[in-house]
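Please look through the sequence and the model below before reading on. The paragraphs that follow go from the overall fold to single positions in the loops.

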Amino acid sequence: MGSIDLNGMAVAAEPLQTWVLPALLGLGLASATGLRTFLPLLMLALAAKFGLFGIDLNDRMAWLADWPAIIALAIAAIVEFTGDKVPTVDHALNVMGTFTRPIAGAVAVGSVFAGVDPMTAAIAGLIVGAPTAFAFNLAQGGARLASTATTGGIGNPILSLIEDVLSFLMVLLAFLAPVVVPVLMIALAIAAFRLTRRMRGRRAAREANSNFGATR
């Protein structure tokens with residue numbers, strides 16, 4: 001029987017550990033930051049702090065796992081969670097998220113590229129994290145506007161709670177099974193598109209009925 005080339009296996013696995021898995025993990029984190037700015041970063045910081053799920057941070061981002069950063073992220077996550085349940089405040093948070101969530105996505109992605117130099121990790125964060133978070137924030141904004149138009153804002157707190165749960169579960173899935181993240185992202189994108197189209201259809205139907213009633 002031939003001997004197993006352990007060195008060759010290690011060399012072959014290196015790109016997977018250095019690039020592929022961090023990219024998939026980063027995609028999950030960035031997607032979650034597109035819905036909530038601070039909760040995914042808080043979960044990442046806690047996982048790194050307590051050595052959970054094998055999470056390692058890039059040396060330049062090690063401060064994220066320090067207690068001052070964790071406490072600040074926890075306070076910010078609570079404020080965001082609470083404020084997003086309040087009418088008008090939720091829209092303000094979404095507008096702010098257009099700027100803050102891509103930054104959070106870039107930070108999250110850059111942090112998990114632990115095996116590369118800080119500059120390369122930062123570039124990966126900008127390429128992978130920022131656009132992903134921005135896209136999910138746009139989808140959230142579209143769903144929120146459609147909800148406001150069809151329910152008068154009454155359904156927004158329920159939608160917000162669903163987004164909280166989704167953000168949490170996306171991070172957890174990214175920790176446990178990063179290879180599943182692309183499938184989840186596609187499923188969520190399809191679901192968000194269908195939800196927004198359905199809400200807009202209902203709004204159009206109501207407006208048509210109102211116009212018909214006014215002309216009678």
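Which pattern does the chain follow when it is read along the sequence? The pattern is α-α-α-α-α-α-α, and the chain accordingly holds seven helices and zero strands. The model is a predicted one, and what follows should be read with that in mind. Of the 216 residues of the chain, 41% count as buried. Among the contacts between residues at least 6 apart in sequence, 74% join residues that are at least 24 apart.

The first loop to consider is the one between helix H1, residues 6-33, and helix H2, residues 39-49, where Thr-37 has its place. Thr-37 counts as buried because its relative accessibility is 5%, which falls under the 20% limit for that class. The side chain of Thr-37 is joined to that of Arg-101 by a polar contact of 3.1 Å. When neighbours within four places in sequence are left aside, the residues in contact with Thr-37 are Glu-80, Thr-100, Arg-101 and Ala-104.

Helix H2 itself is mostly covered, with eight of its 11 residues buried. These buried residues of H2 are Pro-40, Leu-41, Leu-42, Met-43, Leu-44, Ala-45, Ala-47 and Ala-48. H2 is followed by Gly-51, which has a positive phi, near 65°.

Two residues in the loop that leads from H2 to helix H3, residues 67-83, offer a contrast. Phe-53 lies in this loop, and so does Leu-64. Is Phe-53 buried, partly exposed or exposed? Phe-53 is partly exposed, because its relative accessible area is 41% and that class covers the range between 20% and 50%. Although Phe-53 is not a glycine, its phi is positive, at about 60°. Its C-alpha atom is separated by 9.5 Å from that of Leu-172, a residue 119 positions away along the chain. Leu-172 is also among the residues in contact with Phe-53 once neighbours within four places in sequence are left aside, together with Ala-47, Phe-175 and Leu-176. Of these partners, Ala-47 is one of the buried residues of H2.

Leu-64, by comparison, is buried, with a relative accessible area of 2%. Leu-64 and Leu-46 are 18 residues apart in sequence, and their C-alpha atoms are 8.9 Å apart in space. Not counting residues up to four places away in sequence, Leu-64 touches Leu-44, Ala-45, Leu-57, Ala-69, Ile-70, Leu-73 and Ser-111. Leu-44 and Ala-45 belong to the buried residues of H2.

The loop between H3 and H4 also holds two residues to set side by side, namely Asp-84 and Thr-88. Asp-84 is buried, with a relative accessible area of 2%, whereas Thr-88 counts as exposed at 59% relative accessibility. A polar contact of 3.1 Å joins the side chain of Asp-84 to that of Arg-144. Apart from residues up to four places away in sequence, Asp-84 touches Arg-36, Asp-90, Leu-93, Arg-144, Ser-160 and Glu-163. Thr-88 has a positive phi of about 70°, although it is not a glycine.

The last stop is a pair of helices. Two packed helices are described by the angle between their axes and by the distance between the axes. How do these values read for helix H4, residues 89-112, and helix H5, residues 118-151, and at roughly what angle do their axes cross? The axes of H4 and H5 come within 6 Å of each other and cross at roughly 155°. H4 is therefore roughly antiparallel to H5, since angles over 145 degrees are placed in that class. The crossing of H4 and H5 is right-handed. The residues of the contact of H4 with H5 divide into 11 nonpolar, 12 polar and three charged.

Terms used:
Residues numbered from 1 in each chain as written. Predicted model: local features only at pLDDT ≥ 70, side-chain atom pairs only at ≥ 80, totals over all residues. Heavy atoms only, no water. Helix = DSSP H or I, 4+ residues; strand = E, 2+ residues; numbered from the N terminus. Buried < 20%, exposed > 50% of the residue type's maximum accessible area, 1.4 Å probe, protein only. Polar contact = N/O pair within 3.5 Å; in protein donor to acceptor, adjacent residues only side chain to side chain. Contact = heavy atoms within 4.5 Å. Axes fitted to C-alpha atoms, helices over the stretch in contact; angles between N-to-C directions. Parallel < 35°, antiparallel > 145°, perpendicular 65-115°, else oblique. Left-handed = near helix turned anticlockwise from the far one by under 90°. Nonpolar A, V, L, I, M, F, W, Y, C, P; charged D, E, K, R; others polar.
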